[in-house]
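User: I have a structure open and would like to go through it. Can we take it step by step?

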Amino acid sequence: MSNAHAASAPHASYATATGIPNGKLGMWLFLASEVMFFTGLIGAYIVLRLSHPQWPGPEGHLSVPLGTLNTFILIGSSMTIVMALAAAQAERPIDSVRRWLLVTVLLGGLFLGIKGFEYSTKLAHGIVPSSGVFWSCYYTLTGFHALHVLGGIVFNLVVLSWTREASLWRAQRHRLELAGLYWHFVDIVWIFLFPLLYLL
Amino acid sequence: MPVHMTDITSSSTRTYLAIWGWLAGLMLLGVVLAELPISKLWIVLMVLALSSVKALLVALYYMHLKMDRWVLWLVAVAPLALIALALGVVFSSFFIQL
């Protein structure tokens, strides 16, 4: 591609052949594949759960208050990242976007901190993934979800780093919507994991 | 407004806060329902129905599916159809085994 052509071509991430920016369509397709990934895990959990009427038994106790708090935190972080997007859309001062994004990252970190506390408590009692089928499922489901939260935090931090310079932000701010889509997906997964693991 | 971002001007920050309130309220309702002395089957159905409503609220309002083009609806719904198919096969074999 010649330099002149490259200069006149639209940015790859918001070029479109469908009316939807390619980056956004790509993110939705990625999320669709992620839905299938988590469905496999959750489906296996449900089948195992149905095969064990006494599941998880007295040894499978999880802290509902901690799980509720974590759900509240993740739901809150979904709200804060959509507020960041709204601030960017309304072209409010960049500080406003930065503040909402920072709160989102902190809430994500808090979620992982509480999850880490739960893990450490269980491990201190000798409860490891091999302690039983329930614990294998618990560590697998929550572990993969936590990795996704960590990935979302990194994505949000990268977007946050683009707010340092106005010119950089103008070129990259459309990616905030992609980070938001990913973050909301992580929230939706937890919306199902919380009742399945903690309440039912 | 940049042309490459979803137009969310029609959704005010007040709507986002209201959705957050609904999400938090439905979550607490699920926690309370799980403690009720009623049939386990009813609890499972109600709590999972609440989760589905919460997921729908997030997808429609926070992910802006409500305002997006039909292609994205297709992308979002396609895995759900596959999930229904997969779960249908899994559960039918499970109940046949019983």
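Analyst: We can go through the chains, then some helices, then single residues. Keep in mind that this is a predicted model.

User: How many helices and strands does chain A have?

Analyst: Chain A has seven helices and zero strands. Along the sequence the pattern reads α-α-α-α-α-α-α. Its C-alpha atoms fill a box of roughly 65 × 35 × 25 Å along the principal axes.

User: And what share of chain A is buried?

Analyst: Of its 200 residues, 34% count as buried. As for contacts in chain A with a separation of 6 or more, 75% are between residues 24 or more positions apart.

User: Now chain B. What is its secondary structure?

Analyst: Chain B comes to three helices and zero strands, in the order α-α-α from the N terminus. It has 98 residues, and 22% of them count as buried. Of the contacts in chain B between residues at least 6 apart in sequence, 50% join residues at least 24 apart.

User: How many residues of chain A are in contact with chain B?

Analyst: On chain A there are 39, and they are in contact with 39 residues of chain B. The elements of chain A that give two or more residues to this side are H2, H3 (64–89) and H7 (175–199). H3(A) gives the largest share, 13 residues.

User: What classes of residue are on that side of chain A?

Analyst: The side of chain A that touches chain B has 25 nonpolar, 11 polar and three charged residues.

User: Let's look at H2 of chain A. Why would its end-to-end distance be 44 Å?

Analyst: H2(A) covers residues 22–51, which is 30 residues, and at 1.5 Å a residue it should span 44 Å. The end C-alpha atoms are 44 Å apart, so the model agrees with the expected span.

User: Which residues in H2(A) are buried?

Analyst: Gly23(A), Lys24(A), Met27(A), Trp28(A), Phe38(A) and Tyr45(A) are buried in H2(A).

User: At what angle do H2(A) and H5(A) pack?

Analyst: H2(A) and H5(A), residues 133–161, pack at about 160°, and their axes are 11 Å apart. Because of that angle, H2(A) is roughly antiparallel to H5(A). The crossing of the two helices is left-handed.

User: Which residues meet there?

Analyst: From H2(A) they are Leu41(A), Tyr45(A) and Leu48(A). From H5(A) they are Val133(A), Cys137(A), Thr140(A), Leu141(A) and Phe144(A). By class, this contact has seven nonpolar residues, one polar and no charged.

User: Switching to H4 of chain A. How far does it reach?

Analyst: H4(A), residues 94–124, has 31 residues and reaches 44 Å from its first C-alpha to its last, close to the 45 Å expected at 1.5 Å a residue. Its buried residues are Val97(A), Trp100(A), Leu101(A), Thr104(A), Val105(A), Leu107(A), Gly108(A) and Phe111(A). They pack against H3, H5 and H7 of chain A.

User: What comes just after H4(A)?

Analyst: Gly126(A) is found just after H4(A), with a positive phi of about 80°.

User: Which residues other than glycine have a positive phi?

Analyst: Two examples are Glu91(A), with phi near 55°, and His64(B), with phi near 60°. Glu91(A) is in the loop between H3 and H4 of chain A. His64(B) lies in the loop between H2 and H3 (70–97) of chain B.

User: Are those two buried or exposed?

Analyst: Glu91(A) is exposed, because it has 12 other C-beta atoms within 10 Å. His64(B) counts as buried, because it has 21 C-beta neighbours inside 10 Å.

User: What about Val58 of chain B, what does it touch?

Analyst: Val58(B) is in helix H2 of chain B, residues 40–62. Leaving out residues up to four places away in sequence, Val58(B) touches Ser78(A), His184(A), Asp187(A), Ile188(A) and Met63(B). It counts as buried, because 22 C-beta neighbours lie inside 10 Å.

User: Last one, Val154 of chain A. Where is it?

Analyst: Val154(A) is found in helix H5 of chain A. It is partly exposed, because 13 other C-beta atoms lie within 10 Å. Its C-alpha atom is separated by 8.5 Å from that of Val105(A), which is 49 residues away along the chain.

Key. Residues are numbered from 1 along each chain as its sequence is written. Chains are lettered from A and ligands numbered from 1 in the order in which they are written. This is a predicted model: local features need pLDDT of at least 70, side-chain atom pairs count only at pLDDT 80 or more; totals for chains, interfaces and linings use all residues. Helices (H or I, at least four residues) and strands (E, at least two) are DSSP runs, numbered from the N terminus. A residue is buried if 20 or more other C-beta atoms lie within 10 Å of its own, exposed if 12 or fewer, and partly exposed in between; C-beta atoms are placed from the backbone. Two residues are in contact if their C-beta atoms, placed from the backbone, lie within 7 Å. The expected span of a helix is 1.5 Å times one less than its number of residues. Ala, Val, Leu, Ile, Met, Phe, Trp, Tyr, Cys and Pro count as nonpolar, Asp, Glu, Lys and Arg as charged, and the others, Gly among them, as polar. Axes are lines fitted to C-alpha atoms, for helices over the stretch in contact, and angles run from 0 to 180 degrees between N-to-C directions. Angles under 35 degrees count as roughly parallel, over 145 as roughly antiparallel, 65 to 115 as roughly perpendicular and the rest as oblique. A crossing is left-handed if the near helix is turned anticlockwise from the far one by less than a right angle, and right-handed if clockwise.
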